[in-house]
Amino acid sequence: MTENPLKNGPLTGIKVLELGQLIAGPFAGKTLADFGAEVIKVEPPEGDPLRQWRMLHEGTSVWWQVQSRNKQSITLDLRSEEDRQVARRLAAEADVLIENFRPGLMEDWGLGFDALAALNPRLIMLRISGYGQTGPYRDRPGFAVVAEAMGGLRHLMGEPGRVPVRAGVSLGDTLAALHGVIGVLLALQARATTGRGQMVDVALYESVFNCMESLLPEYSAFGAVREPAGSALPGIAPSNAYRCADGQVVIGGNGDSIFKRLMTAIGRDDLGQDAGLAGNAGRAGRVDELDAAITAWTVQRKVADVVETLQQARVPVGRIYTARDIAEDPHYRARQMIETITTVAGLRLEVPGICPKLSDTPGAIRSLAPALGEHNGHLKR
């Protein structure tokens with residue numbers, strides 16, 4: 001952890017008021033804080049529920065140590081007009097306000113965009129919700145699990161004919177948070193020209209849908225409804241997960257020249273030289289044949305042997321990582337994607353490092369996740 005405040009962070013001097021809780025809003029705040037923004041996290045008197053999610057150490061989630069690093073914490077009961085006045089004062093001094101409450105709640109509290117922009121015309125307000133601030137669904141409760149379904153992602157996850165599965169992390173929240181960060185940075189750039197702030201309206205389902213590649217155009221042009229395909233990537237071949245003697249690997253052999261190298265490596269030059277397989281269209285039409293040929297080779301070998309052989313052949317390949325694999329991987333550490341902190345409770349903890357990497361103005365872990373209301377003394381006055 002960097003002991004001294006970041007002096008050259010790209011967002012140094014930007015003040016952020018974070019009113020959101022749980023995942024989407026706070027992840028956006030974390031990302032801005034990692035790159036130098038001063039983030040004041042407003043929590044209800046009982047604390048952000050994330051403090052109690054998943055595995056706890058001495059009563060506090062270890063996830064909290066990541067999600068709230070580099071932030072300050074104050075407690076406000078926004079149902080109280082007295083505390084809402086404190087929020088207004090802080091918003092009047094802020095560059096960015098982040099909230100992920102249900103649409104309309106901030107207006108009910110007198111903290112909507114129009115009201116706050118009247119106090120601070122330069123304010124950028126990031127609003128993250130399930131369905132956005134407008135439209136017929138705006139008042140529906142929305143969590144990432146529902147957004148992933150509505151955005152088209154969940155239908156594609158899993159095996160054909162089976163109940164769709166989820167990724168095991170809240171992708172919808174994280175995608176929305178990253179879209180929110182993009183929106184904030186765009187609004188900051190616009191403000192440098194116009195002098196005015198604006199509202200950034202991010203919907204969880206739209207953030208998922210924005211990453212769905214050719215899903216809609218293919219339906220529009222051909223009436224094609226993409227269906228789940230397990231570990232394969234439909235229409236792009238060969239690209240799949242393959243069984244080995246002691247585990248599985250993923251192989252991306254779908255580039256034309258890569259495909260030829262892959263076939264040579266597995267002893268199937270007959271397929272590599274087949275003119276009908278020279279392009280992706282031909283390979284996609286014979287994907288079952290190709291997957292069977294690759295599996296016949298991988299299943300006789302250990303994961304390490306498959307990875308080494310295909311890396312030598314310059315074919316994209318990798319084993320499927322667990323948390324243990326990540327923690328033991330030298331590349332993660334060489335790239336500083338695993339950093340070590342010591343919490344206020346004395347726990348030595350490895351946490352994800354900073355992403356993305358900037359050469360001149362890198363981000364940093366400048367301070368530990370705050371205790372509940374740790375900064376009430378000077379920020380609520």
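Okay, let's start with a bit of vocabulary: when two helices pack, an angle under 35 degrees counts as roughly parallel, over 145 as roughly antiparallel, 65 to 115 as roughly perpendicular, and the rest as oblique. Keep that in mind.

What you see up there is a predicted model. How confident is the predictor? The mean pLDDT of the chain is 95, and 98% of the residues reach 70 or more. There's one stretch to watch, though: over residues 2-6 the pLDDT is below 50, even though this stretch has 14 contacts in the model beyond near neighbours in sequence. Where pLDDT is low, don't read the predicted coordinates in detail.

Now to the helices. You describe a packed pair by the angle between the axes and the distance between them. For H1, residues 24-34, and H8, the angle is about 50° and the axes are 8 Å apart. So, going by our vocabulary, H1 and H8 are oblique to each other. The crossing of H1 past H8 is right-handed.

Who's actually touching? From H1 we have Ala24, Phe27, Ala28, Thr31 and Leu32, and they meet Asp173, Thr174, Ala177, Leu178, Val181 and Val184 of H8. Sort the residues of that contact and you get 8 nonpolar, 2 polar and 1 charged.

Let's stay on H8, residues 171-194, and pick out histidine 179. Is histidine 179 buried or exposed? Its relative accessible area is 22%, and buried would need under 20%, so histidine 179 is partly exposed. Leaving out residues up to four places away in sequence, histidine 179 touches Val202, Ser207, Asn210 and Cys211. And take alanine 203: that's 24 residues along the chain from histidine 179, with 9.2 Å between their C-alpha atoms.

Methods: Residues numbered from 1 in each chain as written. Predicted model: local features only at pLDDT ≥ 70, side-chain atom pairs only at ≥ 80, totals over all residues. Heavy atoms only, no water. Helix = DSSP H or I, 4+ residues; strand = E, 2+ residues; numbered from the N terminus. Buried < 20%, exposed > 50% of the residue type's maximum accessible area, 1.4 Å probe, protein only. Contact = heavy atoms within 4.5 Å. pLDDT = per-residue confidence, 0-100. Axes fitted to C-alpha atoms, helices over the stretch in contact; angles between N-to-C directions. Left-handed = near helix turned anticlockwise from the far one by under 90°. Nonpolar A, V, L, I, M, F, W, Y, C, P; charged D, E, K, R; others polar.
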